[in-house]
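Q: I am new to reading protein structures and would love a close look at one part of this one. Could you walk me through its aromatic rings, and what surrounds them?

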2 protein chains.
Amino acid sequence: MRYLLSLLSIFFLNCITKDATPVFKPVPIPVKEVVVEDLNKPWSIAFLSEEIALVSEKNGDLVKVNLTYQTKTSIKGFPSDLKDSIGAVDFGDNAGIFDVLIDPNYNQNKRIFIAYAAEKPNIGSTTKFISARLANDSLTDIQTILVAAPFTQDNFHYGGGMAIGTDQKLYLTVGERLYWENDEPTTPIAQDLNDPRGKMHRFNLDGSIPKDNPLIGKGAIASIYAYGIRNAQGIALNPSTQSLWFTEHGTIQGDELNLLQSGGNYGWPSRTTGKLRSKTYKPPVLADSSVVEPVWYWQHTVAPTGLCFYTGTTFPQWTNSLFVPGLSRGSLWRFKLDEDVPISAEELFLDSRARSRKIAQSPAGKLYLLTDEENGKIIEIKPKTNEL
Amino acid sequence: MRYLLSLLSIFFLNCITKDATPVFKPVPIPVKEVVVEDLNKPWSIAFLSEEIALVSEKNGDLVKVNLTYQTKTSIKGFPSDLKDSIGAVDFGDNAGIFDVLIDPNYNQNKRIFIAYAAEKPNIGSTTKFISARLANDSLTDIQTILVAAPFTQDNFHYGGGMAIGTDQKLYLTVGERLYWENDEPTTPIAQDLNDPRGKMHRFNLDGSIPKDNPLIGKGAIASIYAYGIRNAQGIALNPSTQSLWFTEHGTIQGDELNLLQSGGNYGWPSRTTGKLRSKTYKPPVLADSSVVEPVWYWQHTVAPTGLCFYTGTTFPQWTNSLFVPGLSRGSLWRFKLDEDVPISAEELFLDSRARSRKIAQSPAGKLYLLTDEENGKIIEIKPKTNEL
């Protein structure tokens, strides 16, 4: 009996020791699985729950999607000044519905934020940001936060990205709304602090201007937070450092990842890591010390869009990585970071590229990708099973 | 007593169940640690044991290095026709000692293989491959395997990579030895089956020609295995698939990863994913079906060199990945593969670039990088410890 007890104790102690040493486990291989399709160029996704999400269609509606049953419900009451790209004649018409964001206090106030291209008939369009109450699949109590006037004929570079910082402020991106640099005024749009375009804006969640915005009293539009930004579509919060990161489309190459700095000048069009379209354009000179350099830029065009930070553990090799999808080469990029410094850059899914506008993480940590096509898809990135 | 036994049995069964489920463990973060320095542009490394390695210096000697004690011993008896780059006037002189390889039967025959630039005074240089017996830190019984005549004045594109396949054959790369495409003869060097340059060669380990070489009897030099290769420095065996992979330097971009096919035409100079230096050069036209496409090419110049497949498990996120270092941007690339198809491409160590000629795995699975500089280093890539 004492011998038996000793044996069992040895087994027991052995188990305790084993529990203290994690066992080697191969990392999961990621694969893509289509969860929902037949969305009209989905631009953004915002999760009301693990199963229900709002999806903005570039060429269509704001849609409520059930990811389990794949049902879609168009949200009613969308503002009538929406300019979309349906039937657009021009190649590359950028108009439509852009980012959608859930208010942090949604459970109490049922409010959401939406960015879209708004038009004035016979005049033109620009980027507009609203908040609204979502009730019975309808938008009510719509409030305008920002209209990036003037309305112009150009259908490009609306920006339209949104994020909420740890300071509980709303950050909004507006593109500079031009195609050719030679169309710039003497003071380029993105550099002009009296023009809301080519900028990052910062608002309180109720749409008022924060008193601590960095350029107040400096001859600038009060909502401007940063400037010199050509066309940023993606902005996201790094939960590890509390910094905000944004992507920026360059012209010929020049695609960048930027760290948002209060009052920062991101240099466009005087500074770019790429080349200009208008070969004869001579932008004003900016002193090196006045410009914020990108934390990363690509050597080739990827057209980076709606980025997100992954905090899940299903893919332990990816925990705390930054994901950036792209349009032109259908790439998905993953950056490993040391604080706010990229230390590796990985292009994933080389053999199954998909032109993408957004990557997002669900409340429970699943990764979803939105494809920019007429039969637009929500794709889940999940671990491969039954490995042969 | 029965109660106590039941309790202990429950603990025991619980432990068995726990042992069956691996515990989540975050993947290690890689850091670089200099192991040996003051090598003169180290080009390649071959392990005689976990601790002792042969290192070829581009600008110097064949050196025996003790990785633990950091001692270096120059190997005596190197052929006197070595052309190195010491004191080279020309920028970018590519001459020197290239790859070094240990014979699979080294324990019995003490033989090694060496590639280097050999010269004939007043005539020029070319790539030469020898085998030799290593005894008392000296080379003896030197046998010539291949001299890639003619000897010419150009100091570029020697190739010089070597690998042994699972067929126990020796594969050797010879560059096309030109700088300007306009210097090509009517039949470009790499396409000319009667010219050993711009080629992959295949030999028996004793230096004789394998009877099953693919171009025997086709009006070609018998040792030629593949052609149309501009300048390949790295060739390595994929242990998972038994395929041979090689890197190839393009001109302006055009850097490639290729899968070696018997008798394959890799297309240079008629085909490139980059651009030519000589803008007026018109290469002969090749039919699509006759050319082997690269499995991967870079959108920008990385100048890829001595690649290797990692089979260790210290970095489980990297097991079975392919590593490719580069010269021009000091990058280290990691490719995840599905069989012989790249599915992701990652650039590592963005914040600590190092111009590199070679990455290699020691017998026990450690990863080492060789830097191409006058104070050349052997760097170990190891897991970061004491994470803050």
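A: Let's begin with a word we will need often: a residue is buried when its relative accessible area is under 20%, exposed when over 50%, and partly exposed in between, using a 1.4 Å probe and protein chains only. This is a predicted model, in which local features need pLDDT of at least 70 and side-chain atom pairs count only at pLDDT 80 or more, while totals for chains, interfaces and linings use all residues. Residues are numbered from 1 along each chain as its sequence is written, chains are lettered from A and ligands numbered from 1 in the order in which they are written, and side-chain values use heavy atoms, leaving out hydrogens and water.

Now for the rings. A pair of aromatic rings is described by the distance of the centres and the angle of the planes. Rings of Phe, Tyr and Trp (its six-membered ring) pair if their centres lie within 6.5 Å; planes under 30 degrees apart are stacked, over 60 edge-to-face, and the rest tilted. Over all chains, this rule gives 36 aromatic pairs. One of them joins A:Phe98 and A:Tyr158, with centres 5.5 Å apart and planes at 35 degrees, so the pair is tilted. A:Phe98 belongs to strand β6 of chain A and A:Tyr158 to the loop between β9 (138-147) and β10 (159-164) of chain A, so the pair ties together parts 60 residues apart in sequence. (Strands here are DSSP runs of E with at least two residues, numbered from the N terminus.) A:Phe98 is buried, at 1% relative accessibility, and A:Tyr158 is buried too, at 2%.

In chain B, B:Tyr310 and B:Phe323 make an edge-to-face pair, with 6.1 Å between centres and 85 degrees between planes. B:Tyr310 lies in the loop between β18 (308-309) and β19 (322-325) of chain B and B:Phe323 in strand β19, so this pair ties together parts 13 residues apart in sequence. Both B:Tyr310 and B:Phe323 are buried.

Back in chain A, ring pairs link A:Trp296, A:Trp298, A:Trp333 and A:Phe335 into a cluster.

Rings can also have a charge over them: NZ of Lys or CZ of Arg must be within 6 Å of the ring centre and within 35 degrees of the ring normal. A:Arg230 lies over the face of A:Trp268, 5.2 Å from the ring centre. Similarly, the charged end of B:Arg277 sits over the ring of B:Tyr179, 3.8 Å from its centre.

Key:
Helices (H or I, at least four residues) and strands (E, at least two) are DSSP runs, numbered from the N terminus.
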